[in-house]
Amino acid sequence: MIILIIIAGLTAATVFLALGSDEKSRRIEELNSDKSALQALNNFNSGDSSEILIILKNLGIDSKDLVNTMYQSEKEAFGDIIDALESTDTSANADGVNDNEDKNPDKSTPQPNNGGNEEKPVPPEPDEPAEPAEPESPYLALFPHLYADITPPESYMDDSGYIYLTFDDGPSRHTTDILRYLDKYNVKATFFVGAFDDNNVNYRHLLNTILDSGHEIGVHTMTHVYRDIYASVEAYLDDFNQAFNLIYEQTGYKPYLFRFPGGSKNDFNTHIYKDIIEEMTRRGFVYYDWNVDSRDADDANWTTMMDLVINGVSGKNRSVVLFHDRHGGANTVYVMDDILKSLTADARGYTFSIIRPETEPVQF
Ligand code: ZN
């Protein structure tokens, strides 16, 4: 470093010899200052930066200007000094150490230049541990109004001894008979409606009758054609949306319950059922499978249906029983009176209820 300063000094001297006499006088004065500055620079280089700042201030020399003008030709060699000076807040330090009026006895601590009123910098708040972001649903854009209008319960009810009778595929030409038997025994049930094809089209008004009678309605399906419904998540949502809208248009009621055609996990949806459940759950819908199957859709005979339901219920703490309300089979109506008579007379005292938001789902 000293070598560099000597080189710079020689450069300055060379320039000096080339100048006129008046100019020489001025440069002599400048060089007297420069000598001090050179010494200061030397000190600065040995680590005492405050000394150079004091000296430069006393000389009335702006340190950056000094370096830039005096050693312009050697700027490259003195680049590190220039960089160091430019990164030093000379005004703050110089004011603090060179002010004769300064009564602050602690000269070693640079003082803020606004008289000490500067607020301490507040350290940034440590970031809250970031919650893992929920991956956005790929189906957000589909059916933007298809959401359940329900607040999830804080907890499920104790429903030991409860029986939830459910009827799929209606309303049909058997619905009125089913409702009559339910009414006879003062039993409330849940209807997962759909299959709104040509067969059901003339029975849509029974959706209102079902609700007016105190029963519950959930969505089952629009077409009940497995291969179409379960072709993709989008296809399922499309089918569901049609049934949902039809129920709402007919009754003004927005169902929040649903039941998958064939149950939540079946031979047709194994590739997408988890995705469908995730998306339907995101939209607030709740699905129920069953834990007692009457086999009425399989044309089971009277004895088989009675045994399956009566024995099935007696072996459960709480039961969701599957029946059907469809055009194809009259055996549901055929056995309904006897099943209801038996269950309502049972000494265990079952409670019959519609499925409620507080009813813990029965799912496969
Ligand atoms: Zn069905």
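Which spacing do the donors of the zinc ion follow along the chain? The spacing is D-x50-H-x3-H. The structure is a predicted model, and its protein chain contains 13 helices and 8 strands. Of the 364 residues in the chain, 40% count as buried. Among contacts with a separation of 6 or more, 78% are made by residues 24 or more positions apart.

**Zinc site**

- The protein donors of the zinc ion are Asp169 through OD, His220 through NE2 and His224 through NE2, at 2.0 to 2.2 Å from the ion.
- Asp169 belongs to the loop between E1 and H7, and His220 to strand E3 (residues 216–221), so this pair ties together parts that are 51 residues apart in sequence.
- Asp169 and His220 are both buried.
- His224, by contrast, is partly exposed, with a relative accessible area of 24%.
- The position of His224 is in the loop between E3 and helix H9 (226–229).
- The backbone of His224 has a positive phi, near 65 degrees, although the residue is not glycine.

**Loop between E1 and H7**

- Pro171 is located in the loop between E1 and H7, which also holds the zinc donor Asp169.
- The peptide bond that joins Gly170 to Pro171 is cis, and its omega is near 0 degrees.

**Helix H7**

- Helix H7 spans residues 175–184, and its buried residues are Thr175, Ile178, Leu179, Tyr181 and Leu182.
- These buried residues lie on the same side of H7, because they cover an arc of only 160 degrees around the axis.
- In an α-helix there are 3.6 residues a turn, so residues three or four places apart point the same way.
- Asp183 and Lys184 are exposed and sit on the face of H7 that is turned away from the buried side.
- The cover over the buried residues of H7 includes three strands, E1 (162–168), E2 (190–194) and E7 (319–324).
- Helices H8 (205–212) and H13 (331–344) also contribute to this cover.
- Just after H7, Asn186 adopts a positive phi of about 50 degrees.

**Asp299**

- Asp299 lies in the loop between strand E6 (292–293) and helix H12 (302–314).
- Phi of Asp299 is near 55 degrees, again a positive value in a residue other than glycine.
- Asp299 counts as exposed, at 58% relative accessibility.

**Largest pocket**

- The volume of the largest pocket is about 230 Å³.
- One part of its lining is formed by Glu134, Pro135, Glu136, Ser137, Pro138 and Tyr139.
- The lining also includes Asp275, Glu278, Glu279 and Arg282.
- By residue class, the pocket lining comprises 6 charged, 3 nonpolar and 1 polar.

**Cavity**

- The model has 1 cavity of 30 Å³ or more.
- The space within the largest cavity is about 40 Å³.
- Its lining consists of Asp296, Ala297, His324, Asp325, Arg326, Gly329, Asn331 and Thr332.
- These lining residues divide into 4 polar, 3 charged and 1 nonpolar.

Methods. Residues numbered from 1 in each chain as written. Predicted model: local features only at pLDDT ≥ 70, side-chain atom pairs only at ≥ 80, totals over all residues. Heavy atoms only, no water. 1 Å grid on protein atoms, 1.4 Å probe; cavity = no way out; pocket = protein on both sides within 12 Å on 5 of 7 lines; lining within 4 Å. Points joined across faces, edges and corners; volume = space filled by probe spheres on them. Nonpolar A, V, L, I, M, F, W, Y, C, P; charged D, E, K, R; others polar. Buried < 20%, exposed > 50% of the residue type's maximum accessible area, 1.4 Å probe, protein only. Helix = DSSP H or I, 4+ residues; strand = E, 2+ residues; numbered from the N terminus. Arc of directions from axis to C-beta. Contact = heavy atoms within 4.5 Å. Donors = N, O, S within 2.8 Å, 3.2 Å for Na, K, Ca; no water.
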